[in-house]
Structure formats: structure tokens, C-alpha cells
Amino acid sequence: MPELPEVETFKRYIENGSLRRRVVRVEVRNSTVLAVRAEELEQRAQGAMFLSVHRHGKQLFLELSSGGWLTWHFGMTGEPVLFEHEEPRFPRVLFHFADATLAHDDPRMLGRIGWTASVEEFVRRKKLGPDALSISKSEFVERFSRARGAVKPAVMDQHRMAGIGNIYADEVLFQGRLDPRAEVSSLSTRELETMHRNMRRVLRLSIDKGTDFSRFPRTYLLHHRYKGAACPDCGGTVDTVTLGGRTTYFCPACQKSRGTARRVEEEA
DNA sequence: TTTCATGTTCAGCA
DNA sequence: GTGCTGAACATGAA
């Protein structure tokens with residue numbers, strides 16, 4: 001579930017019931033999801049409280065009353081679940097409060113929980129770009145002006161800008177009727193500014209709707225991510241192509257570009 | 001049974 | 001350094 005809007009929703013979820021409660025016990029069911037030794041996590045979190053939550057891109061940080069921050073990434077299938085009796089299906093790490101538990105529920109175990117002394121230091125070490133909802137129009141234009149290759153992988157590159165993943169990259173490009181294969185350096189400043197605006201609109205709308213896709217406009221492409229789907233705009237058939245190693249859904253009729261990122265030499 | 005999946009990382013190559 | 005591809009991680013769902 002987790003791209004920027006989902007992680008922002010997780011942030012609010014945690015703020016809404018998991019702050020300032022004492023962690024009486026940390027239970028690690030699968031150390032695969034740990035980016036820190038289990039003993040260290042227990043030592044730092046047990047007896048402590050979560051004071052605040054910060055988000056950068058798809059990364060979450062929980063401030064610990066004992067000092068430093070818990071780093072929490074959700075991978076492809078992770079999510080936080082606060083429960084009292086009904087345990088979720090795939091709890092990998094559990095923070096037990098006196099009368100409730102906050103769990104990292106994650107079937108595929110691609111998420112990671114760790115610790116850092118400073119959010120800034122962590123962002124620097126991971127080389128994460130600016131957050132997609134915080135980046136200014138001018139910095140967006142500047143950073144994408146320096147990129148080469150197809151526009152979609154550039155938008156998903158967390159080093160360039162953090163927060164956009166496969167689903168939202170496709171949606172942002174569809175909203176702007178941009179070909180995901182278009183050479184990013186062929187885009188004008190005006191087109192980049194429009195992309196920045198579309199990106200903010202899509203992310204904000206998703207957060208406003210609680211990331212519930214069923215509440216998204218029917219004009220959105222994300223309702224049409226399956227083989228043979230019809231484009232919500234022109235009714236043509238949605239096509240797929242692999243970009244950045246991920247399946248990309250787009251409407252070849254609506255999303256046309258002057259040039260694609262494929263090298264001419266390779267086509268000869 | 002096979003294929004795919006809202007992510008990240010790394011090796012190998014141009 | 002930049003970009004691209006494929007594989008690995010690990011498991012459920014279609």
C-alpha cells in the first residue's frame with residue numbers, strides 16, 4: 001500500500017492513538033524486517049513512548065522519548081495496525097502498550113524498522129531527494145532538468161525526489177497526458193511546472209480521500225490497471241510497457257510524446 | 001502451476 | 001557519475 005499518500009495516512013493513524021503511550025514490550029516475530037539488532041530495538045523502545053511522527057517520502061520516523069527516532073519503511077505490503085484483541089494476519093514486529101498493540105503488519109516482509117539518531121542524518125545517508133509534497137516548483141524543475149532517460153523512472157527515483165512509486169507515477173503522467181516513455185530532457189520548463197502541479201493535485205486528492213481508491217474520480221487511470229482496460233478519457237485500450245523494471249499502464253492515444261527515451265542506435 | 005505485485009538494493013554493463 | 005536491466009528478498013492472491 002505504501003507510496004507517499006499511504007504513508008502520510010499511516011502517519012496520521014499513528015498520531016491518532018499510538019503517541020504518548022508507554023511501550024511495555026517489543027516483540028520481534030520476524031527479524032527479517034529489522035534494520036537494527038533486535039536487542040538494540042528492545043533496549044531503545046522498551047519503556048519508552050512515541051512522541052511525534054515525521055514523514056519524508058515513503059519513510060516514516062517515530063520520535064522516541066528515550067532519544068533518537070524509530071525508522072519505519074513499509075516496503076510493498078506493510079502497514080501499521082493498532083489493535084487491542086484482534087491481531088492482524090502478518091504481524092512481524094509488535095510494540096505492546098499496556099492495553100493495545102501497534103504492529104508492523106507485512107506479509108512479504110519487504111518493510112524495514114530501524115533506528116537513527118537524526119532524521120536529517122538518515123535522509124542524507126539514504127540519499128533521499130526532497131519530499132514530493134514539500135519540493136518547490138523551481139527545485140522540481142531544476143532537478144528534472146538535469147535528468148535523462150524516460151520520464152517515469154525519473155519520477156520514481158527516490159534520490160531525485162522521494163515519495164512517488166509505481167501507481168502514482170502512472171497517475172501523474174496520465175493526468176498530464178504525458179507519455180511515460182518520453183525523454184525527460186525533451187520536456188519544457190512549462191511542461192515540468194505542469195507536472196509539478198499535477199503531482200501535488202494527485203497526492204493531495206489521495207490523502208484527502210484517505211487513499212481509498214474507490215473514492216477517487218472516475219477519470220483517474222488507477223481504476224484501469226488491468227489487461228484490456230478502457231481509457232477513462234478516450235475509451236481506447238490501455239497499454240502496458242515496462243519502465244524502471246515496473247509495469248507501466250498508460251493510454252497510447254492520450255499520452256503521446258514527440259520523442260521517446262529509447263536510443264536511436266538501439267532501434268537501428 | 002504460473003505469474004504478478006503501491007519497494008529497495010545491488011551487481012553488471014554501456 | 002548517470003542510466004538501464006535483471007535478480008534477489010519473501011509471500012499471498014489471482
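Which residues touch the most other members of the largest nonpolar core? They are Met161, Ile164, Met195 and Met199, out of 32 residues in that core. Keep in mind that this is a predicted model. Below is a quick tour of the cores, the largest pocket and one buried threonine.

**Nonpolar cores**
- Two or more residues of the largest core come from each of helix H4 (137–145), helix H5 (151–156), helix H6 (166–175) and helix H7 (189–208).
- H7 chips in the most, with seven residues.
- Looking past residues up to four places away in sequence, Met199 touches Ala132, Ile135, Phe140, Met161, Ile164 and Val172.
- There's another core apart from this one, made of 26 residues, including Leu34, Ala45, Phe95 and Leu102.

**Largest pocket**
- The largest pocket holds about 780 Å³ of space.
- It has 33 lining residues, and Pro2, Lys58, His73, Gly75 and Met76 sit closest to its centre.
- Strand E4 (69–73), strand E8 (112–116), helix H3 (119–125) and H6 each give two or more residues to the lining.
- Sorted by class, the lining is a mix of 14 nonpolar, twelve polar and seven charged residues.

**Threonine 116**
- Thr116 lies in strand E8.
- Thr116 counts as buried because its relative accessibility is 2%, and the cut-off for buried is under 20%.
- A polar atom of the Thr116 side chain is 3.1 Å from the backbone oxygen of Ser118.
- Leaving out residues up to four places away in sequence, Thr116 touches Phe61, Gly68, Trp69, Thr71, Glu121 and Phe122.

Definitions and conventions:
Residues are numbered from 1 along each chain as its sequence is written. Chains are lettered from A and ligands numbered from 1 in the order in which they are written. This is a predicted model: local features need pLDDT of at least 70, side-chain atom pairs count only at pLDDT 80 or more; totals for chains, interfaces and linings use all residues. Side-chain values use heavy atoms; hydrogens and water are left out. A nonpolar core is a set of buried Ala, Val, Leu, Ile, Met, Phe, Trp, Tyr and Cys residues joined through side-chain atoms within 4.5 Å. Buried means under 20% relative accessible area, exposed over 50%, partly exposed in between (1.4 Å probe, protein chains only). Helices (H or I, at least four residues) and strands (E, at least two) are DSSP runs, numbered from the N terminus. Contact means heavy atoms within 4.5 Å. On a 1 Å grid over the protein atoms alone, a cavity is a set of points where a 1.4 Å probe fits but cannot get out, and a pocket is an open set with protein on both sides within 12 Å along at least five of seven lines; lining residues have an atom within 4 Å of a point. Grid points are joined across faces, edges and corners, and a volume is the space filled by probe spheres set on the points. Ala, Val, Leu, Ile, Met, Phe, Trp, Tyr, Cys and Pro count as nonpolar, Asp, Glu, Lys and Arg as charged, and the others, Gly among them, as polar. A polar contact is a pair of N or O atoms within 3.5 Å; within protein, one must be able to donate a hydrogen and the other to accept it, and residues adjacent in sequence count only if both atoms are side-chain atoms.
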